[in-house]
Amino acid sequence: MPRVAVVTGGTAGIGLATAQLFAARGWSVAVIARDETRLRQAEKLLTAHGRPVLAISADVADAEAVDAAAAQIEAELGPIQAWVNNAMSTVVSPADQISPEEYRRVTETTYLSQVYGTLAALRHMKPRNRGAIIQVSSGLGIRAAPLQAAYCGAKFAVSGFTDALRCELIHDRVAVSLSVVYLPAVNTPQFGWSRTRTGRGQYAPDPVFDPRLCAEAILYAVEHPQREVWVGRTSLMMAAAQAIAPGLADRKAASMWDAQLEDTEKPDRTGNLFKPAPGEAAVDGRFSSRTRTSRHEFWTSRERDLLVAGMAGAALLGLASAAALAPRRLLRRL
């Protein structure tokens with residue numbers, strides 16, 4: 001049977017890179033996004049790989065529309081084996097200058113879209129007892145940053161929802177994998193589409209990574225299920241800093257205020273929060289000259305667990321050795 005993958009927000013940036021990688025590896029691909037023009041462009045790019053493609057116009061913040069899209073994909077392409085929740089939006093602004101309406105919309109598009117996508121996928125995967133669901137998150141979903149309160153809150157919520165659901169699947173012995181992929185700063189068009197309220201444009205702080213690296217990590221998590229994946233050294237360092245020294249991490253994040261903003265003043269943008277922003281179906285943003293080209297810089301929770309187990313084993317061995325030597329030392333003193 002054909003392997004079928006679904007990617008939300010699949011017409012640009014990481015979503016398009018992921019859809020292209022699935023298609024290049026022989027998967028049939030469905031992409032869900034709002035903008036009809038970019039959908040048609042993405043459809044053409046994906047069809048070039050020779051596999052069936054379905055491009056569906058839907059707002060991922062609409063649960064009924066997401067359910068309808070899943071049903072259409074099952075009917076036209078076949079059983080969904082992988083669902084990638086990638087769609088998002090943000091408002092770059094001090095927290096107290098973001099309106100309740102804007103908080104609600106970021107939450108709908110960045111958090112609830114992943115809930116709705118996950119539930120739609122589960123309705124089809126659970127009876128078959130197989131499938132992989134990938135939540136595309138961010139280092140900012142582990143270690144929050146200034147000017148991103150709405151986005152960080154939504155990404156933190158994704159992790160809580162996913163962990164709770166994973167426990168339920170384990171309890172019910174459902175063999176559908178859930179993975180969260182944490183991303184660093186990535187060279188995507190999103191930096192030109194976000195809503196801003198700082199008088200300056202949004203900027204990607206170094207190091208900036210290639211969307212295709214993120215796609216490789218996502219596909220790896222589908223084919224080799226992982227609880228978590230950290231892409232780029234930045235996301236790994238953010239996770240470590242938050243776990244070891246959160247107060248110090250607060251101060252470090254505070255110092256990154258200006259690193260997220262362009263140097264020159266620019267009019268604030270309405271961005272793509274409530275309707276699509278104009279632009280082509282493109283993987284790369286405007287930071288290509290600073291982008292790291294690695295395709296392998298990601299780490300999994302399995303590697304972390306092995307490292308922790310190794311460290312614990314070494315510590316226990318050290319304690320055992322010390323205990324064995326202690327009586328001899330006491331005897332020598334006597």
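**A walk from helix α3 outward**

Let's start just past the end of helix α3, where glycine 78 adopts a positive phi of about 120 degrees. The model you are looking at is predicted, so local features are taken only at pLDDT of at least 70 and side-chain atom pairs only at pLDDT 80 or more, while totals for chains, interfaces and linings use all residues. Residues are numbered from 1 along each chain as its sequence is written, and side-chain values rest on heavy atoms, with hydrogens and water left out. Helices (H or I, at least four residues) and strands (E, at least two) are DSSP runs, numbered from the N terminus.

Now step back into α3 itself. With 14 residues (63-76) at 1.5 Å a residue, α3 should span 20 Å, and its end C-alpha atoms are indeed 20 Å apart; the expected span is 1.5 Å times one less than the number of residues. At its N-terminal end, aspartate 62 acts as a cap, with a side-chain oxygen 3.1 Å from the backbone nitrogen of glutamate 64. This is a polar contact (a pair of N or O atoms within 3.5 Å; within protein, one must be able to donate a hydrogen and the other to accept it, and residues adjacent in sequence count only if both atoms are side-chain atoms).

Which residues of α3 are buried? They are Val66, Ala69, Ala70, Ile73 and Glu74, where buried means under 20% relative accessible area, exposed over 50% and partly exposed in between (1.4 Å probe, protein chains only). Seen down the axis of α3, its buried residues fall within an arc of 135 degrees, so they line one face of the helix; the arc is that of the directions from the helix axis to the C-beta atoms. Glu64, Ala75 and Glu76 are exposed on the other side of α3. The cover over the buried residues includes β1 (4-8), β2 (28-33), β3 (53-57), β4 (80-85) and α4 (100-128).

Follow α4 next. Residues of α3, including Ala63, Val66 and Asp67, meet residues of α4, among them Tyr116, Gly117 and Ala120, contact meaning heavy atoms within 4.5 Å. Further along α4's own chain of residues sits serine 113, which is buried at a relative accessible area of 5%. Its side chain reaches the backbone oxygen of threonine 109 at 2.5 Å. Beyond neighbours within four places in sequence, serine 113 is in contact with Val60, Asn85, Ala87 and Glu108.

Another buried serine lies in strand β6 (residues 131-138): serine 138, with 7% relative accessibility. A polar atom of its side chain lies 2.9 Å from the backbone nitrogen of leucine 140. Not counting residues up to four places away in sequence, serine 138 touches Tyr151, Lys155, Val181, Tyr182 and Leu183.

Finally, some backbone details. Most residues other than glycine have a negative phi, and most peptide bonds are trans. Asparagine 129, in the loop between α4 and β6, has a positive phi near 60 degrees and is partly exposed at 36%. Arginine 173 also has a positive phi, near 55 degrees; this residue is found in the loop between α5 (149-171) and β7 (176-183) and is exposed, with a relative accessible area of 72%. A cis peptide bond, with omega about -5 degrees, joins aspartate 206 and proline 207, and proline 207 lies in the loop between β9 (200-202) and β10 (208-209).
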